[in-house]
Number of protein chains: 2
Amino acid sequence: MSGRVTLPIENGMDDEIRQIARLWGADAVRNSDGTKLPPITSELGAKVYETYFVGRGDNDWAAAHPQDRPQIFLMSQRCPALGEEPLRISVMDGYLDKQVEPDIQADLQRYWQVIDRTTGETLPSEKWSLTGKGADTQVCIAKPAAGHVYTVDFLAWQNWDPVQMYNYITNHWEDDPQRIREQPYDIRNPETWEYAQAHMDKWLKDHPHVDVVRFTTFFYQFTLVFNNREKEKMVDWFGYLGSVTKLALAEFESKYGYALTPEDFVDEGYYNSPFRLPRLPFLNWMEFLGEFVTERARIMVDKAHQSGKEAMMFLGDHWIGTEPYGDEFPSIGLDAVVGSVGSAATCRMISDIPGVKYHEGRFLPYFFPDVFFEGADPVPELEARWSQARRAIVRNPLDRMGYGGYLSLPVKFPKFVQRVSEITDEFRSLHEVSGGARPAVSTIKVAVLNAWGKKRSWMTSMVAHAKPYFQTYAYEGVLESLAGLPFTVSFINFDDVSRGALADVDVLINAGQANTAFSGGDYWAKPDISARIREFVAGGGGFIGVGQPSACFVEGSGAFFQLSDVLGVDQEVGWTLSTDRYVNVAESHFIIEGFDALEQRSRGRGLKEINVLEVESQLQPGREQALLDIGPGVGSIIPTGGQVLQFIDGSVDLSVHEYGKGRSVYFAGLPYNSVNSRLLHRAIYWAGHAEERLTENYFADRPEVEVAFYPEAHKAFVYNNSDTAQSVNVRGPKPFQVTLGARESRWETV
Amino acid sequence: MSGRVTLPIENGMDDEIRQIARLWGADAVRNSDGTKLPPITSELGAKVYETYFVGRGDNDWAAAHPQDRPQIFLMSQRCPALGEEPLRISVMDGYLDKQVEPDIQADLQRYWQVIDRTTGETLPSEKWSLTGKGADTQVCIAKPAAGHVYTVDFLAWQNWDPVQMYNYITNHWEDDPQRIREQPYDIRNPETWEYAQAHMDKWLKDHPHVDVVRFTTFFYQFTLVFNNREKEKMVDWFGYLGSVTKLALAEFESKYGYALTPEDFVDEGYYNSPFRLPRLPFLNWMEFLGEFVTERARIMVDKAHQSGKEAMMFLGDHWIGTEPYGDEFPSIGLDAVVGSVGSAATCRMISDIPGVKYHEGRFLPYFFPDVFFEGADPVPELEARWSQARRAIVRNPLDRMGYGGYLSLPVKFPKFVQRVSEITDEFRSLHEVSGGARPAVSTIKVAVLNAWGKKRSWMTSMVAHAKPYFQTYAYEGVLESLAGLPFTVSFINFDDVSRGALADVDVLINAGQANTAFSGGDYWAKPDISARIREFVAGGGGFIGVGQPSACFVEGSGAFFQLSDVLGVDQEVGWTLSTDRYVNVAESHFIIEGFDALEQRSRGRGLKEINVLEVESQLQPGREQALLDIGPGVGSIIPTGGQVLQFIDGSVDLSVHEYGKGRSVYFAGLPYNSVNSRLLHRAIYWAGHAEERLTENYFADRPEVEVAFYPEAHKAFVYNNSDTAQSVNVRGPKPFQVTLGARESRWETV
């Protein structure tokens, strides 16, 4: 088999390229950041991708146009005024002066902001002054209020492209005299925009052998700031921090009728993290920037098309402003999107993007020296990533897969090379054996509700791309599970709920930490939201809450989870410790049928009645053997009417509640693993009143094994997500048995 | 040795009484609820206490004066309106009709309140109506808003005294036809007050043999409500819920110029828990009731004095309104307070009470069948409680000790009887060997800061008396440790801070869960508070934060712990997940010197630098072996400048920070144990800049052993708090070595 696979190639390894291209069935080749396509390229008969950078790569242009460097709003450290006068704040403390430089010539009144964080008040500009420059820039506050804390929001120049910087540092390019630190430039100024277009025209003409222009990416890098030790200081894969210039701010003001302040970006130092409830100025900026990016990107894409090439966008790096799930995205006219696949959720984040002809996944591990070094074994990461991604590929297939980085690294690992060839074969089989059809899905329509909705489809609770975070993995697990489950999944926000979106939903999920955009924070103070959801559930709908669903302090409400009556649980925030809570852990329930660890659902006391206030035997830590792994947990979850299915350390981990004609389920956390994913799978069927249809599209009796059913092809794809062999009974229209090795998959005719 | 010990005695066991009185050195005897002093009493030569109940015990009076039953405001269950009209709310759902009865004849507009909890709005009384009575009482809301949740605050009669009820149920008095359910009566009405006084006069005359009137207690029971299965539904040892009558409410209104609403008591269903930030109407009610209780109690106490008896108050049961740490308390004129000793903190709560001649502790276990049943071993509880209480007795001695309940129960456990005799001897030695002096204390003045201050001295983070609660034990441990440490401890509130109280403080402690009265909640939004504490620390003061100190969402502040700059840590609430946090766990520090588990301070990564964002190896649970046990923990604590001493699972457990000339220490939690108490001990010396004085009053080199130094007597009392033998070096002016058996103590001459 061959096709659907893209290979990164480079100079000096022609024989290995030929061999690997054949072994992996590659039908496309690409270069990477810092490598060039080798002369052998033309003989391979493969489609040729070449990386194209719009806003970096020409340091001469950058040096000649310093006013076109992109800018960034940053905040100084928090400095208390402890008696000394004046208070001097060194704004660059903790920042890397190679990367950013305070813009001390900007209109300070407009682009700098000194804030008393103890009162929240902005200081009038006559109360402070500026001295020094570069790393020595200081703000002096003549008469600070004693005992108050001050910060400085300041506009800075970006002098080093953050991604090139990351590559430079990670690959030790400082040892290579050929390498330079690339300065970025912003294409908003007409002169630089003209230059960028002319550069593109010339490049297209000079690269007749290139079939696919791989934009890496367009104009604005996600937030990536380094500290003064050249280590990462802040990374927000969704961050718009680096999208600022004074020209853009001026254009924004004339379009929206108000000026953005530094604090609109700095946001108390939270920098409009996607976990913050989005504020209007930031949403306006996203819209404003998105229109600009979309329009300019379309011009670049058109040029590629006009020269007979395809245009592919890399979902990453300078992707800010493209918003693949925004309404404008299809208008860019891209042929393809390629993105890094680190998990099932990130895979669906790519494969579900509307408005392009095909989707390609760049698989992990990346061919970089941090994984491929002497003595390392890159195969376990390959296996784990593939097996996680496969769950998503089965549900909504990527059209192509590939790898990135430097091929000279993995060739030294023959077992790795061999295993990739098996994976590429398995990948192609999903397109070929299935006849190109998608597997059957349940008719249950699942919607994930948060403050972002569609725009952050499959991006919920993510910090940087597919990296596990201690505080979020128990929420990311919800999407990671859903990405491989046989349901139609949509993402809606609270405005959608107000507009009646629940009419098209069977099971609604709200998952996340309190006060974040993903649980919804203050949206839950709106009576219309909770009332609509109550009516939805009472009318027969399903509601699944994970972590701190509907959590919000609302004066007078008497609950922390505003839907505590729907969920049948609430969180003890310390105000009802005087109230006894009697818990009977249910002996059985549809959701928890068929698991090995079924008895591990209440510790120390078996299944008899427990009063939460009687906690002596609950003071020992540890919940390692529990059926549902809730991750770090969210505190003390108390029953308020729900039927408890797992209760450990005085806290409800899992419960169900019948509410009117509907049903709700509560999970205290849902890190991704096979058991948790299976619990969610069953919970959706239960909440959707569809228990009897659980096996409609085949269903393996162990959670480690999943099945995709292709009715037209009469095929079932059965795959083992675990690293141990599994023998399972598969229930469904034509039951069968199968034994699969570690991570093995098999096509069965049914 | 004999003296200082009170024995509960009863009929039918004269020989055992004689024997035990001698063995324990009892010089006073008492009866208990439901027992009478036996004829043998007079021959024992002991002081005689007798229990006196003011507001219960005469069911004939109660039956004849139903209008004088005490009342209570309760809240119905939360009921959603899910389409049905009218919405019917059965207000008594979950309550026990034997205990409480809706007052349906009260002015409903005034004493009942129907609230839409989705909007927080109170329904006008014309929008709802009342049907039924007793257990069948229903509120009908004719046209509820669909999807909204409603509750009913209602006034009810209290028909059964909650403490007698508890005794009745626990002792199975329903099997005893002699026993009746006692109805309480309120003494505010002139007629019942006259009756109560006359009853007292007669009782005093009829009880010439009684030396001490043991008031159990005065007029108002703490909140204790049972559910419809006769199990405890709600218990708040500090709760004023049962202190209401319509007459009292009317008098309040004429005195304060405004009427209290049911919701002023119901408080969204939180019922003014001491964990809530106290609101003005509740504070006014406490003041109003306190004045009344104090004045009437003084009259009763005067009567006892006039008949030549002492007056002793039991700190418990009907103690509401006495507030032993309030300014009015000494005016009652009591000779003594007796209270239940469950721990060191509850012991200090008794022994520190000002304005009485002596303090007596009623030790645990209580002689009740829940502990003394066939096959039980009551000795371990005795040992544990004594050893915990001893730490406090050493610092501020109780004058007397005793036991409660029924002596017929422990006589069946000879080992228990024997061990008590040793304990009573040890107790007396603390008065006798010391020559009556208190042990030396450090000159470091410690203050605990919360929203209650002095009024809740030693009562911080307590729910019911000395019971461990999963959500509070990590905070109660702070007081439990302090209660046995050689420091002067005071309790201050935020108003005290504004009034300059920090001038008299060396080390300030703020400990508790966010949004509670004990951490302080919204008080931290006041710039004056945080500014004063910053100046206090920067000027050389010490600050110790435990759990969520200074936690409060303040818009524009950019921090959750408002003193994050002082502490050097903050809590990640989900908004700065994009920020890298580099942690180096310190190799040594004064606070952590001399512990066995010193290396157990960061898991998986040794002591090298950790970036909080790189969490892969932190995803496994478990912190069992850590030096500091933080209890359930508070979430993700991130370093913001502090020096980290313990860091596990991506969260700071213990850290220190130099701030100006001062020092701060952070503990993520401090459940009481020997190691944690010792860590706090050292932390106070460090924060107080007094490291070199650590051994000034002797100091054992193992945390399990503590020393009290009596300079005038040239004695050191050395005691082992653990249940294993300990050999220790004791440092101090004249160092010595000592080996102690489990829980053993010894007097050394120094």
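Q: At what angle do helix H1 (residues 14–24) and helix H11 (residues 414–432) of chain B pack, and how far apart are their axes?
A: In this predicted model, the two helices of chain B pack at an angle of about 40°, and their axes lie 8 Å apart.

Q: Which residues make this contact, and what is their character?
A: H1(B) contributes B:Ile20, B:Leu23 and B:Trp24, while H11(B) contributes B:Val417, B:Val420, B:Ser421, B:Thr424 and B:Arg428. Of these residues, five are nonpolar, two are polar and one is charged.

Q: What makes the arrangement of H1(B) and H11(B) oblique?
A: The angle is about 40°. Roughly parallel requires an angle under 35 degrees and roughly perpendicular one of 65 to 115, so an angle of about 40° belongs to neither class and counts as oblique.

Q: Why is helix H12 of chain B called roughly perpendicular to helix H16 of chain B?
A: The axes of H12(B), residues 473–482, and H16(B), residues 674–687, cross at roughly 70° and come within 9 Å. The class called roughly perpendicular runs from 65 to 115 degrees, and therefore H12(B) is roughly perpendicular to H16(B).

Q: Which residues of H12(B) and H16(B) meet, and how do they divide by character?
A: B:Val478, B:Ser481 and B:Leu482 of H12(B) meet B:Ser677, B:Leu680 and B:Ile684 of H16(B). Four of the residues in this contact are nonpolar and two are polar, with no charged residue.

Q: How much area do chain B and chain A bury between them, and which three residues supply the most on the side of chain B?
A: The two chains bury about 6,400 Å², of which 56% is on carbon and sulfur atoms. B:Phe470, B:Trp575 and B:Leu577 supply 12% of the area that chain B buries against chain A, more than any other three residues.

Q: How many residues does each chain bring to the contact, and how many residue pairs are in polar contact?
A: Each side is represented by 74 residues, from chain B and from chain A. Between the chains there are 28 residue pairs in polar contact.

Q: Which helices and strand of chain B supply at least two residues each to the side that touches chain A, and which gives the most?
A: Strand E15 (232–236), helix H14 (527–538) and helix H15 (564–567) of chain B each supply at least two residues. H14(B) gives the most, with six residues. The residues on this side of chain B comprise 29 nonpolar, 26 polar and 19 charged.

Q: How many salt bridges cross the interface, and how many are found in the whole structure?
A: Zero are found between chain B and chain A, whereas the whole structure holds 84 over all chains.

Q: What makes the pair A:Arg110 and A:Glu253 a salt bridge?
A: The N to O distance between their side chains is 2.6 Å. The cut-off is 4 Å between a side-chain nitrogen of Lys or Arg and a carboxyl oxygen of Asp or Glu, so the pair qualifies. A:Arg110 lies in helix H3 (residues 108–111) of chain A and A:Glu253 in helix H6 (residues 246–256) of chain A, so the pair ties together parts that are 143 residues apart in sequence.

Q: What is unusual about phi of A:Trp458, and where does this residue lie?
A: Most residues other than glycine have a negative phi. Phi of A:Trp458 is positive, near 60°. A:Trp458 lies in the loop between strand E20 (445–449) and helix H12 (473–482) of chain A.

Key: Residues numbered from 1 in each chain as written. Chains lettered and ligands numbered in written order. Predicted model: local features only at pLDDT ≥ 70, side-chain atom pairs only at ≥ 80, totals over all residues. Heavy atoms only, no water. Contact = heavy atoms within 4.5 Å. Buried area = accessible area lost by both parts, 1.4 Å probe. Polar contact = N/O pair within 3.5 Å; in protein donor to acceptor, adjacent residues only side chain to side chain. Helix = DSSP H or I, 4+ residues; strand = E, 2+ residues; numbered from the N terminus. Nonpolar A, V, L, I, M, F, W, Y, C, P; charged D, E, K, R; others polar. Axes fitted to C-alpha atoms, helices over the stretch in contact; angles between N-to-C directions. Parallel < 35°, antiparallel > 145°, perpendicular 65-115°, else oblique.
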